Amino acid sequence: MVNTKKGTIAVWGGEMDHVSGNATTTPIVHSVTFGYNDLDEWHDVAMGKKQGYIYSRNTNPTVQVLEEKIRGLEGGEAATSFATGMAAISNTLFALLKPGSRVVSIKDTYGGTSKIFLDFLPVFNVNVTLCDTTDHEQLEKEIAKGCDLVYLETPTNPTLKVVDIKRLSAAAHKVGAVVVVDNTFATPINQNPLQLGADLVLHSATKFLCGHSDAMGGVLAGRQELVRKVFQFREINGATLQAEPAYLIARGIKTLELRIERQNVSALQIATYLHAHPKISEVFYPGLKSHPQHEIARSQMSGFGGMMSFSLKGNYESVKTFLTSLKFVHLAASLGSVSTLAGPPRTTSHVELSEAQRKQLGIPESLIRYSTGIENVEDLIDDLEQALKKV
Ligand SMILES: *Cc1c(COP(=O)(O)O)cnc(C)c1O
C-alpha cells in the first residue's frame, strides 16, 4: 500500500489477506491452535520459512490485521502487539536492555513507565537518567555521554509538554542509541515519530486507537530487527493480545482519522475558550500559541490532539464543585474515548505521589485533565460554562 493515505490504511490495512468466505469484516479467530495435514508445511511455518499460524500466543489472524494497520499508519517496517500499553512498554524495555545498559529519558513519562525506570530497571542494573522534560540541552548532554536507549513521550501526561523528536533522535543516533517514542497522546494521525527519526513507536491502544473504552491493548512499530527482538521476547513472556480485543481495536481504528480530526478541532476550540475564561488560571494545550513548546509542536504534529489540562483559580473544593457539575463528562481515569473524560491527576495518573512530588513535577493540585470526546463542541462548551458558573 505504497503512497496510500492514512484514512484508507485505517480501513483496509491488513484486511484483504484475511477476509474469508467473502466476509467483509475481519473474523474474530478464537482458535488457539492451527491444524496442518502436511507435516512438512507445519514444520516450515513453525520455522518461520512459510507464512501461517501455529499457536495464538505467537501469532493469530485477527491480531495480525491490527498489527498491519498500525504498521501502515506509523510507516514502520514491522509491527507487533501486546495485552496492554504497559506490556508494550515493559516488553520493549526488557527485550532491548541488559545489565549495564544506560537509558536517558524524561521526568514526565506516563506513571507506569516512570515506575519501571525508577523501581524495576535499576534492580537489573540498568542505569536510568531522567532529565527535565523540556530541557533539550540537558537531554542532549546526557545522551552525548553515551547511552543505549533514549525513551521519549510527547505530548506528556498530564501537563502536555512537548519534546523535539527529530532533534533528540539525531543526538541519540550519534552515540548509537535506539530511540523509542510513546505516541499515545498524539496518535499516528497527528504525529509519526518514525518519520522524525525514531527507531520504534509504541501506543497504549486502549486509548485513542480503540477509541471506545471497551478494549485494552498495546502496539509497537518500527525497524524490523528491533520489532522482531521485542516480538520474540513477548511470545515467551506471554503478554499476548487476544483476538477479541484486537478485533475491537482494529474496528476502532477504522474511524480513527474521523475521530481525531474532530477531537483536534473541538479541543482547540475548548482550550481557546478556557484560556480566555476569568476563572481559569492556566491551560496546557500544545495548539495554543501561549504553550511554551508550541513551535516544536507545530513542526512535528499535524494536529494537536484531544488532550488538554487546565487549572481553576481556587482550591480543591472548587475542583470538586466544577467536576461534579459537568453533565457530558465521565469522571474517570483513562482517555481517548468517544465520550469526554475528565479527572484530577491527584486522583488519577499521579495518585501515588505526594503533594510535594506533584508540585515538583509542575502538577497543580487544582489541575484537571480533560480528554475531549466526539460530542458536539457547542454542547461541551455550554457544559463547561454552566459548571464554571457554579464555582
Ligand atoms: C494509558 C497509557 C499507557 C499505559 O497503557 P495501558 O493500556 O493502560 O497499559 C502508557 N502510556 C500512555 C501515554 C498512556 O496514556
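**Exercise 1. Determine how far the sulfur of Cys131 lies from the closest cysteine sulfur, and why no bond forms.**

Solution. The closest cysteine sulfur to that of Cys131 belongs to Cys147, at 9.5 Å, which is too far for a bond. A disulfide is a pair of cysteine sulfur atoms within 2.5 Å. The structure holds zero disulfides. Cys131 is also buried, at 0% relative accessibility (buried: under 20% relative accessible area, exposed: over 50%, partly exposed in between; 1.4 Å probe, protein chains only).

The model is predicted: local features need pLDDT of at least 70, side-chain atom pairs count only at pLDDT 80 or more, and totals for chains, interfaces and linings use all residues. Residues are numbered from 1 along each chain as its sequence is written, and side-chain values use heavy atoms, without hydrogens and water.

**Exercise 2. Identify the buried residues of helix 5 and what they pack against.**

Solution. Helices (H or I, at least four residues) and strands (E, at least two) are DSSP runs, numbered from the N terminus. In helix 5 (residues 111-120), Thr113, Ser114, Ile116 and Phe117 are buried. They lie on the same side of helix 5, because their arc around the axis is only 150° (taken from the directions from the helix axis to the C-beta atoms). Their packing partners are helix 4 (85-96), strand 2 (102-106), strand 3 (127-131) and strand 4 (149-153) (contact: heavy atoms within 4.5 Å).

**Exercise 3. Establish the strand order of the sheet and which strands stand at its edges.**

Solution. The open, mixed sheet has seven strands in the order 1-7-6-5-4-2-3 (strands pair if DSSP finds at least two bridges between them). Strand 1 (78-82) and strand 3 each have a single partner strand, so they stand at the edges.
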